[in-house]
Amino acid sequence: MIRETGFSLKKYNTFGVDVKTDVFIEFTSLAELKDIFENELLNKNQNFLVLGEGSNILFTKNFNGYVLKNSIKGVKIISEDKDSVEIKAGAGEHWDDLVNYCVEQNYWGIENLSLIPGTVGAAPIQNIGAYGAELKDVLVAVEGLSVAELKEMRISREEAKLAYRNSIFKNELKNKFIITHVILQLNKKGKPNLSYSGLSNYFKNTPVDKIDIGQIRKAVIEIRRSKLPDPAQLGNAGSFFKNPVVSDSIYNKLKSKYSNIVAFPVGDNRWKIPAGWLIENAGLKGIKIGDAGTYEKQALVIVNYGKSTGKEILELAKLIQKTVKEKFNIELEPEVNII
Ligand SMILES: Cc1cc2nc3c(=O)[nH]c(=O)nc-3n(C[C@H](O)[C@H](O)[C@H](O)COP(=O)(O)OP(=O)(O)OC[C@H]3O[C@@H](n4cnc5c(N)ncnc54)[C@H](O)[C@@H]3O)c2cc1C
């Protein structure tokens with residue numbers, strides 16, 4: 001177990017923001033995690049934050065308390081039959097390593113989620129999703145530590161209330177439950193999910209039955225690399241805001257005013273509007289506050305052009321929210337966890 005004090009988190013958040021935490025502890029097992037709570041946190045009633053790879057976090061100031069870095073590793077098959085396989089992975093595994101392993105084994109279900117940064121344990125927190133797939137399509141359950149009782153618990157997919165970039169872990173169980181393992185069910189006889197137009201376009205000249213799982217992963221990686229900045233080159237946390245969902249009547253009003261508006265039906269007479277479209281059409285693509293700016297190829301991504309502070313990034317995010325609200329009367333909700 002690694003334990004440091006006055007520790008810089010610059011390398012532990014993909015925005016590359018330079019803040020410090022009072023104490024940083026890296027744990028590699030449930031037993032170590034329990035030990036931290038029993039011997040350090042509970043009797044001192046300390047503030048804590050569980051950290052994966054910091055790819056969905058904006059630190060706006062030094063962290064006054066304990067940052068607990070999850071490094072629980074291991075991937076194993078816990079059951080299988082001729083059609084499917086159940087895999088249990090340690091929460092500290094790198095998500096894309098797990099995807100790569102599953103693709104190599106021909107286990108279908110998470111190939112469209114290739115190259116999403118972060119850990120396996122953080123994937124259920126916001127029900128990661130991309131290219132027509134979401135974690136909830138394959139999640140069976142999570143295991144972890146209930147902080148109040150220091151007891152190991154299992155939470156099923158249904159109990160986890162996974163929804164669009166949301167789950168019970170961001171709400172009722174925030175700071176009350178730490179995920180140590182994730183269990184997924186994958187398909188041995190899957191077929192390509194080309195519901196996302198970018199992917200179906202990519203394969204427009206290939207018959208579906210000729211597309212294998214490795215080709216899907218390759219396509220997703222290529223498309224993602226062409227659109228999103230690599231945090232190793234340019235600090236960012238992916239989409240900063242969720243795509244707002246509005247009623248039919250609001251959408252129709254907007255459509256009559258902005259004929260080029262983009263929107264996708266999500267059922268129940270509701271429409272999802274790309275937040276990137278709203279930001280761009282509010283004239284904010286490419287703007288900057290200090291070293292914080294919106295990404296030139298995708299306005300939904302806020303980037304750190306060098307030495308931006310978390311405060312500047314937050315200031316820019318607030319300016320975007322205010323401008324979009326004034327122009328379209330739509331509230332943008334951050335997807336990134338602001339600390
Ligand atoms: C370039 C880029 C592209 C991205 N693209 C996508 C995308 O396509 N789709 C998508 O959904 N997301 C995307 N993201 C966001 C991010 O990759 C995911 O949210 C990812 O799951 C975060 O993982 P992490 O380990 O970095 O979590 P962190 O940022 O470390 O933590 C995120 C939150 O989860 C909590 N947490 C972390 N681990 C645990 C745990 N074990 N138990 C309890 N709480 C925990 C933290 O306290 C924090 O509140 C992108 C980010 C970047 C930088």
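This briefing covers the domain layout, the ligand shell and helix H4 of the structure above. The model is predicted. Its protein chain is divided into three parts: domain 1 (2–70), domain 2 (75–227) and domain 3 (235–338). A ligand is present, with 33 residues around it.

**Domain arrangement**
- Between the C-alpha centres of domain 2 and domain 3 the separation is 26 Å.

**Ligand shell**
- The residues that come nearest to the ligand are Gly-52, Gly-118, Gly-121, Ala-122 and Gly-238.
- At least two residues of the shell are supplied by each of strand S3 (48–51), strand S8 (129–130), strand S12 (177–187) and strand S13 (235–239).
- Classified by residue type, the shell comprises 18 nonpolar residues, 14 polar residues and one charged residue.

**Helix H4**
- Helix H4 covers residues 213–227, and its end C-alpha atoms are 22 Å apart. This agrees with the 21 Å that its 15 residues should span at 1.5 Å a residue.
- Buried positions in H4 are Ile-213, Ile-216, Arg-217, Ala-219 and Val-220.
- Viewed down the axis of H4, these buried residues fall within an arc of 165°, and therefore they line one face of the helix.
- An α-helix has 3.6 residues a turn, so residues three or four places apart point the same way.
- Exposed residues Arg-225 and Ser-226 are carried on the face of H4 turned away from its buried side.
- The cover over the buried residues of H4 includes helix H2 (95–105) and helix H3 (197–202).

Conventions:
Residues numbered from 1 in each chain as written. Predicted model: local features only at pLDDT ≥ 70, side-chain atom pairs only at ≥ 80, totals over all residues. Domains from an automatic or database assignment. Near = placed C-beta within 6 Å. Helix = DSSP H or I, 4+ residues; strand = E, 2+ residues; numbered from the N terminus. Nonpolar A, V, L, I, M, F, W, Y, C, P; charged D, E, K, R; others polar. Expected span 1.5 Å × (residues − 1). Buried ≥ 20, exposed ≤ 12 C-beta atoms within 10 Å, placed from the backbone. Arc of directions from axis to C-beta. Contact = placed C-beta atoms within 7 Å.
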